[in-house]
Amino acid sequence: MPSPIVIVSDALPGETLAVLKSTCDVRHLDGRDRKALFAALTDADALIVRSGTRVDAEVLDRAPRLRVVGRAGVGLDNVDTITAAARGIAVVNAPGSNTVSVAELTVGLIVASARHITAAARSLEDGQWRRSEFAGVELAGRTLGIVGYGRVGRQVARRMAAFDMRVLAHDPYADIADADVHATGLDELLATSDVVTLHLPRTPGTTGLIGARELSLMKSTAYLVNTARGGIVDESALTRALREGRPAGAALDVFATEPPGSSPLLALPNVVALPHLGASTHDAQLRAGREVAGKVLAELAPLLSPSPTAV
């Protein structure tokens, strides 16, 4: 029986695929090259992606033998899960792989916002020494509002409690039973918090969740942090709000369109912007690759040659 063919269309640490390479024909390509991807999928039994490959209905149409799509990460925004399910194609991911990495980056962005670290560093690079213009605030004694209290939200709460922050959380689907975290409604959280950080998936119900009305509820001294998904924040409304000084600033690791091109947010002095680095640690990539490789292998089990039986 020929070995199952596994297409890996985004970069992954080589050691994460060892479990597949021992039993499968693993082939690498750049998933952004649609022509090459279409050609490779003709005989493919599995496809492993990160965020660079868009697995839409057109891609699935070119893969008559496909049994499983593996997303080496958490979100499935770039995978058409509805079409995959209709065609009996399993979709697997690695939901816990980047929790710590995203939580740690969130902490970094909160501190960077409160202390104006990015703007001050740029100023010094330009040969200026403007200490008084970059006076920040202490986080101790202030209020952190967490919207979305899942894996990452809980880890952020633990870390920011160590900064002596009061922690509020809003999540209608989570049991917020931690002693140091106070459950509250979204409007109250926005109006009360000195920092608001988002940790929820992008769904039809959360797209545009933070719009002009919600931003107007925030303190003029508050900061908004988004390391979750682009599109949860209405970027046009955020641009207007930041120009008007409410909230005071924003730290964004994600955008509705990535890369964001000439987004006006990138030109604002009160914005810290990163190129979606939440899961970009060696540790998270190793965990994600190993977890999804194991799940893909399990889905391919019926295609694998049975072990010889001793006689």
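## The main nonpolar core

Let's start inside the protein, in a predicted model. Its largest nonpolar core (buried Ala, Val, Leu, Ile, Met, Phe, Trp, Tyr and Cys residues joined through side-chain atoms within 4.5 Å) has 26 residues, and V196, L198, L215, L224 and L238 have the most contacts inside it. Buried here means under 20% relative accessible area, with a 1.4 Å probe and protein chains only.

At least two residues of this core come from each of α8 (186-192), β9 (195-198), α10 (235-244) and β11 (249-252). Helix α10 gives the most, with 4 residues. Helices (H or I, at least four residues) and strands (E, at least two) are DSSP runs, numbered from the N terminus.

L238 touches L215, L224, V233, A250, L252 and L265 (heavy atoms within 4.5 Å), leaving out residues up to four places away in sequence. Another core, of 23 residues, lies apart from this one, and includes A103, A114, V167 and V181.

## The open sheet

Next comes an open sheet of 5 strands, in the order β2-β1-β3-β4-β5, with parallel pairing (at least two DSSP bridges between two strands). Its edge strands, β2 (25-28) and β5 (90-93), each pair on one side only.

Strand β4 (residues 68-71) runs parallel to β5 and is joined to it by 4 bridges. V91 in β5 stands opposite V69.

## A helix across the strands

Helix α11 (residues 282-299) lies across β3 (46-49), β4 and β5, at about 155° to β5. Such angles run from 0 to 180 degrees between N-to-C directions, with axes fitted to C-alpha atoms, for helices over the stretch in contact.

## About the values

Residues are numbered from 1 along each chain as its sequence is written, and side-chain values use heavy atoms, without hydrogens or water. Local features need pLDDT of at least 70 and side-chain atom pairs count only at pLDDT 80 or more, while totals for chains, interfaces and linings use all residues.

Conventions. Buried < 20%, exposed > 50% of the residue type's maximum accessible area, 1.4 Å probe, protein only.
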